[in-house]
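Student: Before we go through this one, can you walk me through how the labels get assigned? I'd like to see each value set against its cut-off.

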Amino acid sequence: MQNNDRANCVRILLSHPGIDINIKNNEGRTAMMDAGYTSLGVFKQVIKTCNDFPADSYGKVVLCGNSGAGKSTLTQRIFGQQDVVEPLTAGIIPHQVDSPYSNMIIYDLAGHHQYFSSHSACLEAISLNYPAIFLLLQDLRKDPEAMTKEVYYWSAMIDGVCHKCPQQSSVIVVGTHADLLTPEQLKENMSHLQSVAKMAINHEILVHVLALNLTKIYSGEMDQFKNLLYRINKDVLSMSPPIPMMCHMLLAFLREKLPPDTDAISLSDLLVYLNGDHDKMIEADSNTIVPLLKVLSDKGLILFIPSKNPLNSWIVVHKASILKKVNGALFADPSLKEYIRVASNTGIVTKAVIKKIFPKYNIEMITQFMIHFELCQAVDLSQVETNMASDGSSSSDLAPLFFFPALVNVDRPSSTTVPKNSFSWSMIVKSTNQFFTTRCLHVLLRRLPSEFALPAVQATSLHSHITPSCDVWSRGIKWLSETGVTTIVEMSETFQSLSLAISSPDKTDPKYLELAHSVLVVIKKTCQEFCPHLEVLEVISCPPEASSDHSDDTQVELSSLMKALLEGDKSTVDVKRKKYVVIEEWTKKDVEPCLSYLVGVSPFMVPFSSATCDLKDLMNDIASIIPAKWRSVGIQLGLSSGTLDSIQSNNAGKPQACLDSFEQVFSTWEKQGPSPYNWNVIIDVLRTPAVGEVALADELDAHHSKSTQSNTPQ
């Protein structure tokens with residue numbers, strides 16, 4: 001075997017997960033020996049690198065909780081340190097724990113609400129395939145109502161971050177400041193914390209609820225806590241997918257062979273260094289390197305920031321440079337020493353300002369990080385309305401511009417009112433203890449201007465403000481289309497309802513219906529992505545003339561209206577406050593936007609039966625074509641990991657396990673899934689990168705369109 005062939009064989013072996021180069025065959029030979037490496041030089045090099053950089057031995061531990069709960073103090077106790085910690089943490093502080101008991105990457109999250117959205121964005125990147133352990137710290141000195149609210153919030157964040165990971169994460173709830181309570185207070189507050197934790201957190205991932213005295217480095221309860229943490233970390237690692245041995249080699253290269261003080265490097269530059277490496281153990285090819293970088297990032301050992309052009313991707317070797325210094329300063333509370341006034345109250349930031357604030361870091365890396373994690377939206381200057389400033393500045397002096405929803409610090413304008421006779425839709429959280437996350441709101445405020453090509457800013461000197469045709473405030477957005485359609489999307493102050501109001505001078509205008517439908521799709525998709533298990537009630541406002549007593553504020557549950565229409569009931573539907581609506585008095589312009597979204601077509605153009613009767617046939621076709629992807633489809637439909645694990649367990653060993661699993665996934669989706677049960681959703685799921693069946697989705701979409709057209713009354 002030639003040397004090049006031998007090297008390629010070794011690369012193939014090391015690039016595949018689960019390969020054990022120590023295993024010998026019946027003849028006592030290892031795979032490395034069969035590749036031609038009878039001398040142990042290369043073999044020993046690989047083994048040494050794997051031992052020195054054991055990438056697969058690190059678990060991820062995330063410390064979360066409100067400010068003052070003791071997260072940074074607990075981090076020090078895990079290290080066995082007694083140092084005085086900074087009273088307020090900024091951003092996310094990563095720590096690497098190398099212990100004979102268990103290796104961990106610890107992420108200490110700042111507890112200020114200004115960081116909640118960016119925390120979620122960063123954690124999403126390290127929770128794709130390898131689960132984490134979440135330590136939820138709760139200050140036991142707080143009153144029961146405050147404890148309940150905080151536990152429910154962090155539970156929602158954990159759920160939103162981890163729901164796409166195929167393996168379940170684990171949660172330990174830690175009550176802190178126990179030393180400041182009397183025995184009676186401690187017993188009462190811990191009882192409440194345990195009760196709330198069991199209600200708020202999925203029982204399949206809630207491991208333990210305990211109280212800790214963080215003033216002591218060494219104590220029996222601290223030793224018990226550490227042993228519990230180490231044991232869970234080992235259990236999580238044992239169930240995690242194996243990683244390619246080449247990951248060890250790449251991690252060693254990143255930490256040992258790059259120039260000193262390299263915080264981040266582009267992929268194109270990394271390939272240059274790999275080409276110049278005399279060992280040539282790692283192939284300098286983006287198709288080989290990118291999957292390895294994604295694994296290392298998901299393990300928490302680096303941060304990989306992908307780009308449409310792989311060569312423009314970035315590898316952050318020292319994560320603190322982004323997670324603490326950049327993230328910590330951009331979204332800092334004014335009370336923190338890291339606080340810098342970055343943006344105007346409208347959340348508009350210029351690239352020049354970002355570069356000035358972070359002179360030590362590559363500006364392209366920073367902006368790519370912010371855009372990829374949907375923390376901001378780059379503004380298309382072709383859509384900017386420009387006024388010349390008094391000093392002669394123009395938009396070219398300020399370009400490029402970025403819009404940060406999390407930095408918007410203005411209230412709803414007094415002039416922003418919902419026009420009369422608007423089509424109004426709301427999504428209301430069922431439980432008083434649950435709510436939409438700030439991450440969901442900020443991504444929605446970022447996506448809407450992008451999706452509908454809104455003119456985002458009007459530049460004037462060094463200050464920017466939203467144009468008259470588009471207003472954005474801290475919890476909502478309003479815009480006016482070229483055809484005169486007014487759209488308002490707003491989150492309630494309690495984060496327990498999300499509403500859409502849309503009005504048009506002409507409700508028969510097809511563009512009005514199309515816009516209402518499109519906005520609903522963006523809202524629902526965003527909520528399903530970031531609040532996947534939130535139980536909500538959808539309602540639409542009844543036009544006054546359709547109410548039995550002509551009330552102006554009657555709302556109808558969408559499910560009741562759909563049921564009445566589907567069953568052919570032309571009389572009444574239950575609504576709030578025991579009022580009734582006569583279906584025949586609902587004109588199609590009032591309800592068509594919502595109903596057309598729910599069934600995928602307009603119910604006034606196609607009979608409901610023809611729009612829904614063949615949905616089960618569609619699902620049977622999908623199951624037979626891609627049976628092995630039942631779990632990926634289930635995840636995208638919003639089913640929990642626990643539900644999918646149960647389905648897998650029920651069908652293990654069956655001759656048609658995948659097909660049966662698919663059937664149960666679709667059945668669960670129909671009965672209790674968070675996504676609407678219709679054609680549009682399943683076709684969109686097939687198009688997601690996680691499922692990757694774009695061609696199949698296009699084929700089914702074309703078939704559905706042809707079917708609905710053939711059923712349209714002539």
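Tutor: Sure, starting with burial: buried means under 20% relative accessible area, exposed over 50%, and partly exposed in between, with a 1.4 Å probe and protein chains only. This is a predicted model, where local features need pLDDT of at least 70, side-chain atom pairs count only at pLDDT 80 or more, and totals for chains, interfaces and linings use all residues. Residues are numbered from 1 along each chain as its sequence is written, and side-chain values use heavy atoms, with hydrogens and water left out.

Student: Why is Cys247 called buried?

Tutor: Its relative accessible area is 0%, and the cut-off is under 20%, so Cys247 counts as buried. Cys440 is buried too, again with a relative accessible area of 0%. Across the protein, 54% of the 714 residues count as buried.

Student: What makes Cys440 and Cys527 fail as a disulfide?

Tutor: A disulfide is a pair of cysteine sulfur atoms within 2.5 Å. The closest cysteine sulfur to that of Cys440 is in Cys527, at 3.9 Å, so the pair is too far apart for a bond. Searching the whole structure turns up zero disulfides.

Student: Why is helix 5 described as largely enclosed by the rest of the structure?

Tutor: Helices here are DSSP runs of H or I with at least four residues, strands are E runs of at least two, and both are numbered from the N terminus. Helix 5 covers residues 116-125, and 10 of the 10 are buried, so the description fits. Among them are Phe116, His119, Cys122 and Glu124.

Student: How do you know that helix 5 and helix 16 are roughly perpendicular?

Tutor: Axes are lines fitted to C-alpha atoms, for helices over the stretch in contact, and angles run from 0 to 180 degrees between N-to-C directions. Under 35 degrees counts as roughly parallel, over 145 as roughly antiparallel, 65 to 115 as roughly perpendicular, and the rest as oblique. Helix 5 and helix 16 (residues 438-451) pack at about 90°, with axes 8 Å apart, so they are roughly perpendicular to each other. Contact means heavy atoms within 4.5 Å; here Phe116, Ser117, Ser120, Ala121 and Glu124 of helix 5 meet Thr438, Arg439 and His442 of helix 16.

Student: And what makes helix 6 roughly parallel to helix 7?

Tutor: Helix 6 (residues 144-162) and helix 7 (residues 183-200) pack at about 30°, with their axes 10 Å apart. That angle is why helix 6 is called roughly parallel to helix 7. On the helix 6 side, the contact residues include Met147, Val151 and Tyr152, and on the helix 7 side they include His192, Leu193 and Val196.

Student: Why is Leu128 called partly exposed?

Tutor: Its relative accessibility is 45%, so Leu128 falls in the partly exposed class. Leu128 sits in the loop between helix 5 and strand 4 (132-139). Leaving out residues up to four places away in sequence, Leu128 touches Lys164, Cys165, Pro166 and Asp298. The C-alpha atoms of Leu128 and Pro166 are 7.8 Å apart, although 38 residues separate them along the chain.

Student: What makes Asp261 exposed?

Tutor: Asp261 has a relative accessible area of 76%, so it is exposed. This residue lies in the loop between helix 9 (246-256) and strand 7 (264-266). Asp261 also has a positive phi of about 65° although it is not a glycine. Most residues other than glycine have a negative phi. His177 is another non-glycine with a positive phi, of about 60°, and lies in the loop between strand 5 (170-176) and helix 7.
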